[in-house]
Amino acid sequence: MLVVKFVNDDKKSSYTVTIPQSELKKMKDDIDITVNAGKIAVMDKDKQKNIKSILSSNKINTDNACVISTANNNTKGGIKVSVPVMEYLAKPGDNVYVYCYNNKTGKLEETANSKRKVISGGMAGIEAYSGNDYIITSKELSGKNVVTLLGSIKVKAGKVSIKKGGETKINVVLPEGLVSKTSLKKDVPYGKQAAVIQYKSSGTKVAKVSKDGTVKASGTGKAVITVKVKLADGKVKTVKKKITVK
């Protein structure tokens, strides 16, 4: 049995909730989901304070954001929610951006596939997990209290100085919302976004780099390994690591 409740601060109940098959397998037989949508003012005072501060630093009025809360007493499974983003927020054809509120840090975290297009009826579909608060804004956010997918990517070199004939590894650590793929058109799991990682050496006579980030020293000297991480939304992060071969 699937029970879905819809609550909106303007009393309009026009949401749909879809449980993906991959997530449905993780859930119990009795699923009770509540989806709440409204202005930031419906949240508790501590959350409101944090979110208002973040929005203000991005020159966004609270009327240009709304909150979607998903509650499920039985599971933490994934749900696909199509919600009206409020007439005051955007119109069909506009883009809106989805962030998950982190209760521990008080920060807003960019979700996978955060950029969503508003369709007819003022609806926007988001991929969500029950038990979370999602903030939808009229523009992208930035700042110290906003955690972006691009900013969460870590690039580390095992060794920056190696001997001729030796090797080292460039490790790329992706945040939870990203999954490494050979092409941005490849299918990704629920709630994930594709990321393509590319490596290039400035001097192959000194150091060669393979598709998995393994650097092999072919001659003495210095080389720069450029790492590019391309996301499905078109964003790119570029990191350069200097390698010295003795």
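This report describes helix α2 and the surroundings of Asp133 in a predicted model.

Helix α2 comprises 13 residues, running over residues 45-57, and at 1.5 Å a residue these should span 18 Å, which agrees with the 18 Å that separates its end C-alpha atoms. Within α2, the residues Lys47, Gln48, Ile51, Ile54 and Leu55 are buried. These buried residues cover an arc of only 135° around the axis, so they lie on the same side of α2. Lys45, Asp46, Lys49, Ser56 and Ser57, by contrast, are exposed on the other side of the helix.

The N-terminal end of α2 is capped by Asp44, which places a side-chain oxygen 3.2 Å from the backbone nitrogen of Asp46. After α2 comes Lys59, a residue whose phi is positive, near 60°.

Asp133 belongs to strand β9, which covers residues 133-137. Asp133 counts as buried because its relative accessibility is 12%, and buried means under 20%. The side chain of Asp133 is joined to that of Ser69 by a polar contact of 2.5 Å. Leaving aside residues up to four places away in sequence, Asp133 touches Met43, Lys47, Val67, Ile68, Ser69, Tyr99, Cys100 and Tyr101. One of these, Lys47, is also among the buried residues of α2.

The two distances given above for an aspartate and its partner are set out here.

| Aspartate | Partner | Distance |
|---|---|---|
| Asp44, side-chain oxygen | Asp46, backbone nitrogen | 3.2 Å |
| Asp133, side chain | Ser69, side chain | 2.5 Å |

Key:
Residues numbered from 1 in each chain as written. Predicted model: local features only at pLDDT ≥ 70, side-chain atom pairs only at ≥ 80, totals over all residues. Heavy atoms only, no water. Helix = DSSP H or I, 4+ residues; strand = E, 2+ residues; numbered from the N terminus. Buried < 20%, exposed > 50% of the residue type's maximum accessible area, 1.4 Å probe, protein only. Polar contact = N/O pair within 3.5 Å; in protein donor to acceptor, adjacent residues only side chain to side chain. Contact = heavy atoms within 4.5 Å. Expected span 1.5 Å × (residues − 1). Arc of directions from axis to C-beta.
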